[in-house]
Amino acid sequence: MYNPYAVGRAIYLRAPNKADADGAWHTWFSDPETTQYLSDRYWPNTIDLQKDFFDSIQHDKSRLVLSILDKETDIHLGVCSLGSISWVHRYADIALIIGEKQFRNGQVAIEAISLLLEIAFLRLNLRNVKGSYIGSNPATEMLMKLFDFDISGRNIGLLNFRGKYVDSINVQLSRDKWLERNGSKVGVRIDI
Amino acid sequence: MSDRNLVDEKLVDIFRLVLDVEDGYDIKSVRRLSESCWDSLAHTSLIVAIESEFGIRLEISEMERMSSYAATRVLLEEKGL
């Protein structure tokens, strides 16, 4: 592991570095299978654009972007983030991409979300985490259900999914609700 | 029917439904790594269904242990089911 920010059982999260930006990261956001459920990714990505993005997040405290690494191989397999952080209202938008397809086994996504929520609620002291997903994405729907996100709204027929209009589903998880299941983590020291 | 058999039956039903396998398929021998239909959606769906059906909450480490039907059954036994 290098420079871990949060450590799970099979993965760890850390700040992205130049090697990530020079690597496969940019390809994930061009890949048609990966981007089909992303409402705002419809233009091809390039390594230069990815490097620009990497530069833009260096000093941006409104967005926490983390690389996801496999502990065993140190492969950079995805990214996750808490974006649009409001330090006044104490909420953020959650996002996750497992870019390397061999790691799309469900468990990696579950562990990444779990770590990200712990960061949001215990480390950044946020009150709410929200997000949205395209209604044609059953994997994300199930993931949100697993982590007890509430559906806070639905934009009917808002998003184009390969020629068909589907709903955009808004979800939200409060710290209080997260604590119902994770209260035992409060005040507990971290031992890696 | 004993409680244990009832749990077995419910678990088999969950696996059959989520993995969408044909009748006659030996669901109790299914393993995550060797079953193409046990993808990320199936894995998450299994967890959600099991938590809901049995009224339990699984830790992340326990979800990771769900690598096969048999391993999942052992997990439930450890939880008193």
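Arg90(A) is found in the loop that links strand S4 (76–86) to strand S5 (91–98) of chain A. The model is predicted. Arg90(A) is not a glycine, yet its phi is positive, at about 60°. Its relative accessibility is 22%, so Arg90(A) counts as partly exposed; the cut-off for buried is under 20%.

A second loop of chain A holds a like case. Asn125(A) lies between H5 and strand S6 (128–134). Asn125(A) also is not a glycine, and has a positive phi of about 60°. With a relative accessible area of 43%, Asn125(A) is partly exposed.

Chain B adds Asp20(B), placed just after H1(B), with a positive phi of about 55°. The table sets out the three residues.

| Residue | Place | Phi |
|---|---|---|
| Arg90(A) | loop between S4 and S5 of chain A | about 60° |
| Asn125(A) | loop between H5 and S6 of chain A | about 60° |
| Asp20(B) | just after H1(B) | about 55° |

**Helix H1 of chain B**

H1 of chain B covers residues 3–19, which is 17 residues. From first C-alpha to last, H1(B) reaches 24 Å, close to the 24 Å expected at 1.5 Å a residue. Its buried residues are Val7(B), Asp8(B), Leu11(B), Val12(B), Ile14(B), Phe15(B) and Leu19(B). Seen down the helix axis, these buried residues fall within an arc of 160°, so they line one face of H1(B). Asp3(B) and Leu17(B) are exposed on the other side. What do the buried residues of H1(B) pack against? Their partners are helix H2 (40–54) and helix H4 (69–78) of chain B.

**The nonpolar cores**

In soluble globular proteins, nonpolar side chains tend to be buried together. Here the largest nonpolar core has 63 residues. Those touching the most other members are Leu13(A), Leu82(A), Leu117(A), Phe147(A), Phe149(A), Phe15(B) and Ile50(B). Phe15(B) is also one of the buried residues of H1(B). Helix H5 (residues 107–123) of chain A gives this core its largest share, eleven residues.

Which residues does Leu117(A) contact, leaving aside neighbours within four places in sequence? They are Ile94(A), Val129(A), Phe147(A), Phe149(A), Leu173(A) and Trp178(A). Of these contacts, Phe147(A) and Phe149(A) are themselves among the core residues that touch the most other members.

Another core, of nine residues, lies apart from the largest one. Its members include Ala21(A), Trp25(A), Val79(A) and Ile97(A).

Conventions. Residues numbered from 1 in each chain as written. Chains lettered and ligands numbered in written order. Predicted model: local features only at pLDDT ≥ 70, side-chain atom pairs only at ≥ 80, totals over all residues. Heavy atoms only, no water. Helix = DSSP H or I, 4+ residues; strand = E, 2+ residues; numbered from the N terminus. Expected span 1.5 Å × (residues − 1). Buried < 20%, exposed > 50% of the residue type's maximum accessible area, 1.4 Å probe, protein only. Arc of directions from axis to C-beta. Contact = heavy atoms within 4.5 Å. Core = buried A, V, L, I, M, F, W, Y, C linked by side-chain atoms within 4.5 Å.
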